[in-house]
Amino acid sequence: MDLKVNFSGRAIHFTDDEIAAAVEAMRNADPLAQGKYQTAFEEKFASYQGVEQGSCFAVMNGCAALEMSAQLCNFKPGDEVVIPSHTFTASAYPFIKHGARLVWADIDPLARVVTAETIEKAITSKTRAVVPVDLYGYVADMPDIVDLCRQKGLICVEDAAQAIGAEIDGRKAGSFADMAIFSFHSHKNLTTMGEGGMFYVADEKLRKLVPMLRHNGHCAFDFERKDYWKPAMGNVDLPMLDGTPLMPSNYCLGEVECALGAKMLDRIDEINARKRERAIRFIDALSDFPELEFHRVPTRRHNYHLLVARMAAGEKMRDDFMREMFHNKGIRCVVQYIPLDRYDFYRKLGFGKANCPNADAFFDSMVSFPFQHWLSEAEFDYMVESTRDVMKKLLDRK
């Protein structure tokens, strides 16, 4: 098998300047976590997002941010959270761990994300929070979703893990809701060497709890010490939210990763623009094959973290297409984001039922193309030509 275009788990090749920023931190950071590079990254990220300074917190990954967002929802017994069934599992299970019951929301069949309408259908008298996900790099209808949450008195946690730099009317993904999370996993358009994330918190009261939640309950003593070593370097206390104790964890992101993330912010718009331009070229090159249904968005609302299509002819043709692409063309496409209600994990926990026909239909016929930023033009052109060849071959068989 001669693999010519792989579906890589690494999206970015770092520039010399980005490597230099990481090396500089390796040489000079003291300490190697919770230091000046973390502060600089958080401040630069907040500026990029157009949100208040002190509202963004670097964390070890997006899932850690989701864990803290679930804690800050302060769920009570019986509380529900509405989450799309079509997303990555990390969007959902932290909320189960912190006391919520999941209710699955369907997606829009074209945009492949939830809408205010699909969310509203899943809301009950027990709903406390909503978690819209900006999947594939496309920002969900966050203004409408936030308005709905305000009307219903619900907490909104925007999962913008895949959507850094995407925006609606000049407002960045991850800046709309009460809380938001980002991922800098190696597959994302901005990555901090494997793992990394950012947690945005709009409410000042909740922000004060995050440093303790992120770092083992560490905090300053509430009295002045005569000797700096007595009684210890610092205190450890129990974060409290409206009388409820919150157990802390260690979700810190290292200084080297923070230095790299801050440097990568300098070119994230360039990376997004390049991927968006290529996505539109790819989609337009296949416009005479309506059997492949893409989501064409030539604006900054989509950063095309991933490039996906639905095979309108159904699952069998999708599978035939992927076999031909892999075995005869050497191109590894994949299928992503099985509706979570189908996983054994969620079924065993009692969340195996969903009324999400759009999510089911899309997953059963979707295909995700290799679309890492570092694909060469030759590889990109080969993938376009191969897709056209395979589609012609499959249609000639019918």
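How many bridges join strand 15 and strand 16, and in which sense do the two strands pair? The views below are taken from a predicted model.

**View A. Pairing of strand 15 with strand 16.** Strand 15 covers residues 307-311. Four bridges link strand 15 to strand 16, and the pairing is antiparallel. One residue pair can be picked out here. Arg-310 has Met-366 of strand 16 as its bridge partner.

**View B. The three-stranded open sheet.** The strand order is 14-15-16. Pairing is antiparallel. Strand 14 (292-294) and strand 16 (366-369) form the edges. Each edge strand has a single partner strand, so one of its sides lacks a neighbour in the sheet. From one strand to the next, the twist averages 35°.

**View C. Helix 10 and helix 11 on the sheet.** Helix 10 spans residues 268-285. Strand 14, strand 15 and strand 16 are all crossed by helix 10. Helix 10 runs at about 25° to strand 15. Helix 11 spans residues 315-328 and lies across strand 15 and strand 16. Its angle to strand 16 is about 25°.

**View D. Helix 9 and its surroundings.** Helix 9 covers residues 255-264. Eight of its 10 residues are buried, so helix 9 is largely enclosed by the rest of the structure. The buried residues are Glu-255, Val-256, Cys-258, Ala-259, Leu-260, Gly-261, Ala-262 and Met-264. They pack against helix 1 (16-28), helix 2 (36-49), strand 1 (56-59) and helix 10. Helix 10 also appears in View C, lying across strand 14, strand 15 and strand 16.

Terms used
Residues are numbered from 1 along each chain as its sequence is written. This is a predicted model: local features need pLDDT of at least 70, side-chain atom pairs count only at pLDDT 80 or more; totals for chains, interfaces and linings use all residues. Side-chain values use heavy atoms; hydrogens and water are left out. Two strands pair if DSSP finds at least two bridges between them. Axes are lines fitted to C-alpha atoms, for helices over the stretch in contact, and angles run from 0 to 180 degrees between N-to-C directions. Contact means heavy atoms within 4.5 Å. Buried means under 20% relative accessible area, exposed over 50%, partly exposed in between (1.4 Å probe, protein chains only).
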